[in-house]
Amino acid sequence: MTKVLVPLAQGCEELEAVTIIDLLVRAGVEVITASLDAERVITASRGVQLIAQTTLDAVSHEVFDLVVLPGGLPGADYLKQDDRLINILKKTAEQGGYVAAICAAPQVLVQAGLLDNKQATSFPGVIDNKPAPGMQYLNQPVVEDGKVITSKGPGTAMDFALTLIERLEGSAKRQQVEQGLQRA
């Protein structure tokens with residue numbers, strides 16, 4: 001079974017986190033949500049409370065097919081400052097897995113060196129003003145460059161999650177999940 005890590009930081013964007021988690025679960029993917037510290041109750045950017053299943057320390061040794069980062073502030077800033085997460089992202093990429101980030105979280109991929117010489121997007125003003133070396137910023141809802149996938153923000157969360165499903169589980173699974181959502 002495909003295994004995905006979704007780190008949840010205090011102040012993350014709840015719409016992005018919940019959309020990513022929900023759609024991946026609908027696709028039959030094993031999703032593990034992990035808090036950055038022992039406090040597993042996450043207060044998201046709009047005050048919604050989310051509960052992480054585990055902590056980052058408890059899963060830091062595991063291998064993931066995808067590590068996907070919800071954005072939001074200050075959540076993305078906390079993700080960017082976490083050396084354990086940076087190491088997990090690098091390890092996942094080195095082992096051939098996917099790394100993905102939405103909204104303000106692509107700054108974490110810049111910090112990890114994973115957007116060097118890549119095409120990417122983010123919430124305007126996040127990485128377009130502080131790009132990685134050789135990075136090309138694209139003003140598009142979802143940008144894929146190899147096994148790195150980025151997206152703009154809350155309004156693109158569904159397309160982002162469906163793209164992740166397609167890459168992990170194939171186009172038929174994406175169509176199945178999308179049909180169940182009754183998208184136009």
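# Close-up views of salt bridges and a pocket

**View 1. A network of salt bridges.** Glu144, Glu166, Arg167, Arg174 and Glu178 are linked in a network of salt bridges. The model shown here and in the other views is a predicted one. Side chains of opposite charge can pair when their charged atoms come close. Under the rule applied to this model, the count of salt bridges is 10.

**View 2. Arginine 167 and glutamate 144, a pair within the network.** Both residues belong to the network of View 1. Their side chains form a salt bridge with an N to O distance of 2.4 Å. Helix α6 (residues 157-169) holds arginine 167 and strand β10 holds glutamate 144, so this salt bridge ties together parts that are 23 residues apart in sequence. Arginine 167 has a relative accessible area of 32% and is therefore partly exposed. Glutamate 144 also counts as partly exposed, because its relative accessibility is 33%.

**View 3. Aspartate 145 and lysine 118, a strand joined to a loop.** In this salt bridge the closest N and O atoms of aspartate 145 and lysine 118 are 3.9 Å apart. Aspartate 145 is part of strand β10 (residues 142-145), while lysine 118 sits in the loop between α5 and β8 (119-120), so the pair ties together parts that are 27 residues apart in sequence. With a relative accessibility of 22%, lysine 118 counts as partly exposed; the partly exposed class runs from 20% to 50%.

**View 4. Arginine 84 and aspartate 57, a salt bridge between two helices.** The closest N and O atoms of arginine 84 and aspartate 57 lie 2.8 Å apart. Arginine 84 is found in helix α4 (residues 83-94) and aspartate 57 in helix α2 (residues 56-59), so the salt bridge ties together parts that are 27 residues apart in sequence. Arginine 84 is partly exposed, because its relative accessibility is 27%.

**View 5. The largest pocket and its lining.** The volume of the largest pocket is about 150 Å³. Two elements, α3 (75-80) and α5 (106-111), give two or more residues to its lining. The lining is made up of Leu73, Asp77, Lys80, Ala104, Gln107, Val110, Gly125, Val126, Ile127 and Lys130. Five of these lining residues are nonpolar, two are polar and three are charged. Among the residues to look for in this view are Asp77, Lys80 and Lys130, which fall in the charged class.

Technical notes: Residues are numbered from 1 along each chain as its sequence is written. This is a predicted model: local features need pLDDT of at least 70, side-chain atom pairs count only at pLDDT 80 or more; totals for chains, interfaces and linings use all residues. Side-chain values use heavy atoms; hydrogens and water are left out. On a 1 Å grid over the protein atoms alone, a cavity is a set of points where a 1.4 Å probe fits but cannot get out, and a pocket is an open set with protein on both sides within 12 Å along at least five of seven lines; lining residues have an atom within 4 Å of a point. Grid points are joined across faces, edges and corners, and a volume is the space filled by probe spheres set on the points. Helices (H or I, at least four residues) and strands (E, at least two) are DSSP runs, numbered from the N terminus. A salt bridge is a side-chain nitrogen of Lys or Arg within 4 Å of a carboxyl oxygen of Asp or Glu. Buried means under 20% relative accessible area, exposed over 50%, partly exposed in between (1.4 Å probe, protein chains only).
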